[in-house]
Amino acid sequence: MYVAGHRGLVGSAIARHIEARGEQEWIGQTRAELDLLDRDAVFDFVKATKPDSIVVAAAKVGGIKANSTYPVEFLTENVQLQSNLMDAAHAADVPRLLFLGSSCIYPKFAEQPIREDSLLTGPLEPTNDAYAIAKIAGIRLADGYRSQYGRDWISAMPTNIYGPGDNFDLETSHVLPALIHRFHMAKVSGAKSVTLWGTGSALREFLHADDLAEASLFLLDSYHEPGPINVGFGEEIAIRDLAGIIAEVVGFEGEIEWDSSKPDGTPRKILDSSRVRALGWEPRVQLRDGIRHAYEWFLAG
Ligand SMILES: NC(=O)c1ccc[n+]([C@@H]2O[C@H](COP(=O)([O-])OP(=O)(O)OC[C@H]3O[C@@H](n4cnc5c(N)ncnc54)[C@H](OP(=O)(O)O)[C@@H]3O)[C@@H](O)[C@H]2O)c1
């Protein structure tokens, strides 16, 4: 199996799981070894290695600020790298391919929990619509290869992912690693309080990267349908409660204050993952254990 993006949060978890299962070899290339925007190089690599399957876990990924500042790069780089990989996989006759998208492909006001059939039923969240449109194009391309050329390729849409290998940069990280970093800094500096944005009432869903890795291998083994399939934890948590758990895991004993003049974001966002669950996959990593795991990685890094 070729894991494109094997040094990222998701790709590294998939590589670890392939090794743990011990049934299959995997290959990966760093960006220095293979720039996925270099179409000829991607074709040469896939043709030379002829993997039995490819996971597209490489993408240009970022937070709201990066997405809204650089829509051109988020659109063009993602469309290019996923098209290069899929076109090269087709040219080399690769039988299985898993394309990883994101829950931001769904309409901003989709009914919650978000079902797969809400795709393209309403306007997208404007702050990351360029990224979302690239991901929707990726799903359509995998489906096109299925209908036009009979390729048994699939697309999975994960919820918010966290775990070892995450981005903990305070400027660019997602909420969970950012909270780990902030509470850690507050503990180390002996701060009496930490002030967080919003009221803490927004509800979000978080899945450990190890669970997504298992789901990815499970889907590659057993799923053969077009269109996106959601992969979520299935339970939501208020940001206030998440902050409480992270403070406990990190050992921050000061006050948590909420700046309600700042936005909460969308009040609720959770995927309906009943389809993948009905097939037999379910997450195993409980949030507190997963956060401990991520914090250990952060401390070791
Ligand atoms: N993290 C989440 O919460 C989340 C949630 C839902 C879906 N996903 C999806 O899961 C996939 C992986 O996300 P992630 O969080 O693992 O991202 P990540 O940690 O940023 O990893 C992405 C990987 O892609 C590589 N890459 C990007 N552009 C490349 C290029 N031109 N050539 C070669 N390699 C390139 C990066 O290499 P460098 O390290 O060299 O940049 C990195 O290793 C994405 O499709 C994302 O949409 C993630």
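Two strands pair if DSSP finds at least two bridges between them. Helices (H or I, at least four residues) and strands (E, at least two) are themselves DSSP runs, numbered from the N terminus. The structure described here is a predicted model, in which local features need pLDDT of at least 70 and side-chain atom pairs count only at pLDDT 80 or more, while totals for chains, interfaces and linings use all residues. Residues are numbered from 1 along each chain as its sequence is written, and side-chain values use heavy atoms, with hydrogens and water left out.

## Paired strands

Strand S6 (residues 193–197) and strand S11 (residues 255–259) run parallel and are joined by five bridges. Within this pair, leucine 196 of S6 stands opposite tryptophan 258 in S11. In a regular strand the side chains alternate between the two faces of the sheet. Along S6, Val194 and Leu196 point to one face and are buried, whereas Ser193, Thr195 and Trp197 point to the other and are not. Here buried means under 20% relative accessible area, exposed means over 50%, and partly exposed lies in between (1.4 Å probe, protein chains only).

A second parallel pair is formed by S4 and S9, which four bridges join. In this pair, proline 228 in S9 is the bridge partner of serine 155. From S9, Pro228 and Asn230 point one way and Ile229 and Val231 the other way, and all are buried.

Asparagine 230 belongs to strand S9 (residues 228–231). Asparagine 230 counts as buried because its relative accessibility is 0%. Its side chain makes a polar contact with the side chain of tyrosine 106 at 2.6 Å. A polar contact is a pair of N or O atoms within 3.5 Å; within protein, one must be able to donate a hydrogen and the other to accept it, and residues adjacent in sequence count only if both atoms are side-chain atoms. Leaving aside neighbours within four places in sequence, asparagine 230 is in contact (heavy atoms within 4.5 Å) with several residues, including Tyr106, Ile114, Arg115 and Met157.

## The nonpolar core

In soluble globular proteins, nonpolar side chains tend to be buried together. A nonpolar core is a set of buried Ala, Val, Leu, Ile, Met, Phe, Trp, Tyr and Cys residues joined through side-chain atoms within 4.5 Å. The largest such core in this model has 31 residues, and those with the most contacts inside it are Tyr2, Leu36, Val46, Ile54, Leu85 and Leu97. The elements that give two or more residues to this core are strands S1 (2–4), S2 (53–56), S3 (96–100) and S4 (152–158), together with helices H2 (39–49), H4 (71–91) and H5 (129–149). The largest share, five residues, comes from H4.

Not counting residues up to four places away in sequence, valine 46 touches Tyr2, Pro51, Ile54, Ala88, Ala89, Ala92 and Val94.

## Surroundings of the ligand

Of the 25 residues around the ligand (those with a heavy atom within 4 Å of it), Val10, Arg31, Tyr131, Lys135 and Ile161 come nearest. The table lists distances from oxygen atoms of the ligand to polar atoms of three residues.

| Residue | Atom in the residue | Distance to a ligand oxygen atom |
|---|---|---|
| Leucine 9 | polar backbone atom | 2.9 Å |
| Arginine 31 | side-chain N or O atom | 2.8 Å |
| Tyrosine 131 | polar side-chain atom | 2.3 Å |

Taken alone, the ligand exposes 890 Å², of which the protein buries 82%. These accessible areas come from the Shrake-Rupley method with a 1.4 Å probe; for residues, only the protein chains shown count as cover. Helix H1 (9–21), H5 and strand S5 (160–162) are the elements that give two or more residues to the shell around the ligand.

## Backbone features in loops

Most residues other than glycine have a negative phi, and most peptide bonds are trans. Lysine 50, in the loop between H2 and S2, has a positive phi near 45°. Lysine 50 counts as exposed because its relative accessibility is 51%. Aspartate 93, in the loop between H4 and S3, also has a positive phi, near 60°. Its relative accessible area is 49%, so aspartate 93 is partly exposed.

A cis peptide bond, with omega about -20°, joins glutamine 112 and proline 113. Proline 113 is found in the loop between S3 and H5.
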